[in-house]
Amino acid sequence: MRDDVRADTPPDLRSLKIKKPKKMAAGIPAVTSSLKHGIKKMGLIRSAKTLTMVNQQNGFDCPGCAWPDPQHRTHFEFCENGAKAVADEATKNRVTPEFFAKHSVQELSEQSDYWLNKQGRLTHPMHLEKGSSHYVPITWQRAFEIIASELKSMNNPDRSVFYTSGRTSNEAAFLYQAMVRSIGTNNLPDCSNMCHESSGKGLGPTIGIGKGTVHLEDFNHADVIMVIGQNPGTNHPRMLTALRDAKNKGATIVHINPLPEAGLERFKHPQDYMKLDFGTTKLADYHLPVRIGGDAALMKGFIKVHSEFGGLDQEFIDNDTEGFQSMVEDANSYSWPVLELNSGIEKELIIQVGKVLAKSKATIACWAMGLTQQPNGVSVIQEIVNLLLMGGHVGRPGAGFCPVRGHSNVQGDRTVGIWEAPPPSFIKKMEEGLNISIPKEHGYDVVKAIHAMREGDVDVFFCMGGNFISATPDTHATAEGLRKVGLTVQVSTKLNRSHLVTGEQAIILPCLGRTELDVQGEVTQFVTVENSMGIVHQSRGGLQPASKELRSEPWIVSHLASNLFTDSPIKWLDLSENYDRIRDLMERSLDGFDNYNQRVRNENGFLLPNPPRDTRTFSTPSGKAHFTTHPLPNLSIDADRFIMMTIRSHDQYNTTIYDVHDRYRGLSGNRRIVLMNALDMVERGWKNRQKLSITSHFEGEKRHSDGWLAVAYEIPRKNIATYFPEANSLVPLNSTAAVSNTPTSKWIEVSLESKLSLSKGDEEE
Ligand SMILES: Nc1nc2c(c(=O)[nH]1)N[C@H]1C(S)=C(S)[C@@H](COP(=O)(O)OP(=O)(O)OC[C@H]3O[C@@H](n4cnc5c(=O)[nH]c(N)nc54)[C@H](O)[C@@H]3O)O[C@H]1N2
Ligand SMILES: Nc1nc2c(c(=O)[nH]1)N[C@H]1C(S)=C(S)[C@@H](COP(=O)(O)OP(=O)(O)OC[C@H]3O[C@@H](n4cnc5c(=O)[nH]c(N)nc54)[C@H](O)[C@@H]3O)O[C@H]1N2
Ligand SMILES: [Mo]
């Protein structure tokens, strides 16, 4: 097999530096790090100009994450990692046609993801012709003609697949799904399938909406905040400010995570230094180091404690819910030794924290990938629902569900139609608004799309952003699938591996990023996004585009569509000339978007309706919230094997590697590392930097990867952690969560094999 699907940094095994993990997040080092990244990539003046536009009313929404902005904003509404995301897009480096003339696709594919991203912004539409070794420039019109002709020559619309990553604005995503549905398919997989799909699937049937139910303000009224399977110090740094404020108002914070994770230990807001306040806040009152996959047992333990020590909101349970009795009986049927074994947490600690939860008048549960990417991702989230419903913690101030979204508009994309399995009510309204007919059959999600490609069932694969080959599981299997596609198209800002592992022919369409001015018909346009808490607001870029040849995503979709359809009720080109027209069409085609253009011009945008939060009503068939009963997951593995989770370092944005460091965990210089418990290492006679190979095991299949180094770390025994995307080749394609079909990137059964040790010349402090 050609080795062009490596998603890794060069395995320079000697440069790994290991320090003690940090206890404190943010603070001065974070400020220095944001400035360093900014200035290195953008230059001093451009950095200052760009960073002061982040998350401001007239500025752009930070592409870093979906955490909401406070109502009253300061000039400092970005964090270290937001600054890195911005700097990465606003970089001065360029990937030009000359660059592509100089480097063949084969040559580029031998470079690391870190190197590819560092080359800068894509400047021109490019075409990789069938059988050729180099990309060559192509005009926009010619690119649209090729894509349209491939799409028109399919004998079935379901032979095309349209992926979306979560940075795409509401306007672009809406037009895109309108085009895809006009073609006649629901094949709209998106990054959400690998991300919070389990949250939507867990919450929808139980509380009647697949989204969270809290406002940012609720954090100021919470008694207890649970942070489960999430590393906010790295991935949602602005959340730490909300936690600090909650803490100062007396909230108790419970951190449930196999790893200690710096941000939850101590936090220092960078702005406090300007106020000459050098104190730090201890955030988490309790850290429960569950074993990977142990959360369901822990929740059942908490439920037992509630039924024993009180903490039930009986009136709410009686009037607004169903299924309580059987759920509690089930939880009580598990003995403490079973729950201790499955969670990895001692009974005494479960009871102690369980009592704090039982006493709470208002509890918020936050969670992210530590839960959603488990085989039982959906049911474990429903156990959280069980726990909170017992105490009536929904639809009251300071209480509710808070799945913390990843990509800055992943929630909005789903709201406006990026959904392979839309419900009939959604299709009906969309059909009326767009005046088209839409197929009712569900389309492919990410994993099904990969299977379809492997079967040779896909002619055209179109990606609106993202980096499909590196983000998906089973890198080699996905690559095999992609190579069987006729035409692959990537709408992108930066060079990545998905431009190099392609179908028979490939096209790159370079687009404007969030930070850049978007002028259509001589008028500067803005787009809108929805944050993790259901607020829809504006985002307006301000920088000069990286190249004159860049086009906006709405422009790209409408021009492709106008090449595709001769007779469409949708006036594609009119729409992209003025985004207000897109919003008017969205108002007619979607629920909850009344007076869209007017309301989104309000200072802080507007809130989408959320019945559990707004009126404590539940749009389930019975009109009640549902307790659900699930067996404990089977966590047993073969002796001498480990469970591996794949996580993010502090210096990456998903598949974009900013640098080879993981500052809070004290690691730098190498990303091919295996965090493991020191006792597990001692037992095998291994030391730090022991060379390892990893083999994953699933349903009799094996996947193998070499060139890893062991690092002793505070992690439960028999659990290990590696980085995403380096370890993706080990994630079995068929290992997915029940119901949501999300790849189990946090639950991979592996065996480790030692290689000849190498230890000279390494540094340790
Ligand atoms: N700087 C930066 N910001 C980002 C991103 C980024 O890559 N870089 N990515 C964005 C995206 S798309 C997303 S989805 C989010 C991701 O945000 P997170 O979900 O915080 O990201 P992960 O690194 O995947 O970390 C998941 C956490 O789950 C824990 N965990 C793993 N298994 C279990 C388990 O079984 N139980 C429990 N309780 N915990 C477990 C891990 O130890 C880790 O702390 O961040 C978004 N923001
Ligand atoms: N093993 C493992 N795999 C995982 C995960 C994990 O935790 N472990 N996490 C999963 C999760 S939560 C997610 S969300 C996915 C992420 O999957 P994706 O969203 O597909 O991946 P990203 O790395 O975020 O995509 C980065 C690329 O997006 C492009 N881009 C950036 N900004 C823009 C823009 O404004 N417009 C356009 N058109 N393109 C842009 C750039 O070219 C960049 O190279 O990965 C998943 N994969
Ligand atoms: Mo995500």
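Four elements, α10 (232-235), α19 (369-372), β25 (642-647) and β26 (652-653), each supply at least two residues of the shell around ligand 1. The model described here is a predicted one. In total, 33 residues surround ligand 1, and the closest of them are N257, E261, G293, D295 and N654. Sorted by class, this shell holds 13 nonpolar, 16 polar and 4 charged residues. Because domain 1 (17-21 + 635-758) and domain 3 (197-403) both give residues to the shell, ligand 1 lies between these two domains.

Backbone atoms of the protein approach oxygen atoms of ligand 1 at several places. For G229, a backbone N or O atom lies 3.3 Å from an oxygen atom of ligand 1. The corresponding distance is 2.8 Å for N231 and 2.9 Å for M369. On its own, ligand 1 has 920 Å² of accessible area, of which the protein covers 99%.

**Ligand 2**

Around ligand 2 there are 29 residues, the closest being Y163, S165, A471, E553 and T655. The shell consists of 10 nonpolar, 14 polar and 5 charged residues. At least three residues of this shell come from each of domain 1 (17-21 + 635-758) and domain 2 (88-192 + 409-602).

Side chains supply the polar approaches to ligand 2 that are described here. An N or O atom in the side chain of Y163 is 2.7 Å from an oxygen atom of ligand 2. In the side chain of T493, an N or O atom is 3.2 Å from a nitrogen atom of ligand 2. A polar side-chain atom of T646 is also placed 2.9 Å from a nitrogen atom of ligand 2. Taken alone, ligand 2 exposes 930 Å², and the protein buries 97% of that area.

The distances for both ligands are set out below.

| Protein residue and atom | Ligand atom | Distance |
|---|---|---|
| G229, backbone N or O | ligand 1, oxygen | 3.3 Å |
| N231, backbone N or O | ligand 1, oxygen | 2.8 Å |
| M369, backbone N or O | ligand 1, oxygen | 2.9 Å |
| Y163, side-chain N or O | ligand 2, oxygen | 2.7 Å |
| T493, side-chain N or O | ligand 2, nitrogen | 3.2 Å |
| T646, polar side-chain atom | ligand 2, nitrogen | 2.9 Å |

**Domains**

The chain is divided into domain 1 (17-21 + 635-758), domain 2 (88-192 + 409-602) and domain 3 (197-403). Between domain 1 and domain 2, the contact takes 19 residues from domain 1 and 20 residues from domain 2. The centres of domain 1 and domain 2, taken over C-alpha atoms, are separated by 32 Å.

**Individual residues**

H287 is part of strand β12 (residues 286-288). Its relative accessibility is 27%, so H287 counts as partly exposed. Apart from residues up to four places away in sequence, H287 touches H255, N257, L259, P260 and L349. Two of these neighbours are reached through their backbone: the side chain of H287 comes to 2.8 Å from the backbone oxygen of N257, and to 3.2 Å from the backbone oxygen of L259. N257 is also among the closest residues to ligand 1. From C-alpha to C-alpha, H287 and I18 are 24 Å apart in space, with their positions 269 residues apart in sequence.

T185 is found in the loop between α8 (170-183) and α9 (197-207). Because its relative accessibility is 0%, T185 counts as buried. When residues up to four places away in sequence are left out, T185 touches P157, D158, S160, V180 and P439. With D158, the side chain of T185 makes a side-chain polar contact of 2.8 Å.

**Backbone geometry**

Most residues other than glycine have a negative phi, and most peptide bonds are trans. D474 has a positive phi, near 50°. This residue is placed in the loop between α24 (468-471) and α25 (475-483). D474 counts as buried, because its relative accessibility is 5%.

N595 likewise has a positive phi, near 45°, and is found in the loop between α28 (579-589) and α29 (596-599). With a relative accessible area of 42%, N595 is partly exposed.

A cis peptide bond joins F724 and P725, with omega at about 5°. P725 is found in the loop between β33 (719-723) and β34 (748-754).

Key. Residues numbered from 1 in each chain as written. Chains lettered and ligands numbered in written order. Predicted model: local features only at pLDDT ≥ 70, side-chain atom pairs only at ≥ 80, totals over all residues. Heavy atoms only, no water. Near = heavy atom within 4 Å. Polar contact = N/O pair within 3.5 Å; in protein donor to acceptor, adjacent residues only side chain to side chain. Areas by Shrake-Rupley, 256 points an atom, 1.4 Å probe, with all protein chains shown as cover. Nonpolar A, V, L, I, M, F, W, Y, C, P; charged D, E, K, R; others polar. Domains from an automatic or database assignment. Buried < 20%, exposed > 50% of the residue type's maximum accessible area, 1.4 Å probe, protein only. Contact = heavy atoms within 4.5 Å.
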